Amino acid sequence: MPSFGGAEKCPRCQKSVYFAEEVRALGKKWHKMCLKCSSCNKMLDSTNCNDHDEDIFCTACHRKHFGPKGYGFAGGSSGLSMDTGKRNELTRDNVSSYDKAQSGVAIGASGDNKNGFGSTDRCPRCGHAVYMAEKVIGGGQSYHKACFRCGNCKKGLDSTTIAVHEGEIYCRGCYSKNFGPKGFGFGAALQHTE
């Protein structure tokens, strides 16, 4: 449906979409900021955009609201939906007790796995569960890759630059400066007084 000047109208805001601002999905042109899930407001692209009754949804919300229901559909732990629709928020409230029992390993056999869903380690820096794909081990503890930083200067660390002091990790430079030996011959500059 071209409008004045040949520009199509955005299905969400009904304003003209010009070439420089267009995003294509579902055979239509959208403004980039208009192409978001109607349920959780997650930004979408052509690969994760689903439509239903003239509205668009991310794949997770589309499945949750309009996907098949009943026995045989998502019966095991693979079908557990902990997505609340809010960014970075998970819950077990919408998981049935049957599904919790069937997925004992995935969410903790007793249902009270305080380290997270299937995780055994907590990051000492942020306190969240550390999963295998994001795990870095240093100083005898498991960290997220993003949390594996010097406690003083925040520089990223690796196994060759880490130094531990009282449970906190530091780069070698900050460790030497703050906890290393002090005095003449240990990095202190000579002071000339005349």
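This report walks through some local features of a predicted model, from its aromatic pairs to a hairpin and two residues with unusual backbone angles.

## Aromatic pairs

Let's start with the rings. Across the whole structure, a search turns up 4 aromatic pairs. One of the pairs brings together Y143 and F148, with ring centres 5.5 Å apart and planes at 55 degrees to each other, a tilted arrangement. The planes fall short of edge-to-face because that class needs an angle over 60 degrees. Both Y143 and F148 are buried.

Further along the chain, Y170, Y175 and F179 come together in one aromatic cluster.

## The β9–β10 hairpin

Strand β9 covers residues 135-138, and strand β10 covers residues 141-144. The two run antiparallel and are joined by 4 bridges. Among the bridge partners are G138 and, in β10, Q141. The hairpin has 2 residues between its strands, and here G139 adopts a positive phi near 65 degrees.

The two faces of β9 are worth a look in the viewer. V136 and G138 make up the covered face, while K135 and I137 make up the uncovered one.

## Positive phi outside glycine

Two residues to check on the backbone are L26 and N41. L26 is not a glycine, yet its phi is positive, at about 55 degrees. You will find L26 in the loop that links β3 (22-25) to β4 (28-31). With a relative accessibility of 37%, L26 counts as partly exposed, because the class takes in values between 20% and 50%.

N41 is likewise a residue other than glycine with a positive phi, in this case near 65 degrees. The loop that holds N41 runs between β4 and β5 (49-52). N41 has a relative accessible area of 49%, so it is classed as partly exposed; the exposed class begins over 50%.

## Around D51

D51 takes us back to L26 by another route. D51 sits in strand β5. Its relative accessibility is 46%, which means that D51 counts as partly exposed.

Which residues does D51 contact, once neighbours within four places in sequence are left aside? They are L26, I56 and H62. L26 is the loop residue with the positive phi described above. As for H62, this residue is 11 residues from D51 along the chain, and the C-alpha atoms of the two are 8.0 Å apart. The contact itself is judged on heavy atoms within 4.5 Å, so the C-alpha separation is a separate value.

How values were computed. Residues are numbered from 1 along each chain as its sequence is written. This is a predicted model: local features need pLDDT of at least 70, side-chain atom pairs count only at pLDDT 80 or more; totals for chains, interfaces and linings use all residues. Side-chain values use heavy atoms; hydrogens and water are left out. Rings of Phe, Tyr and Trp (its six-membered ring) pair if their centres lie within 6.5 Å; planes under 30 degrees apart count as stacked, over 60 as edge-to-face and the rest as tilted. Buried means under 20% relative accessible area, exposed over 50%, partly exposed in between (1.4 Å probe, protein chains only). Two strands pair if DSSP finds at least two bridges between them.
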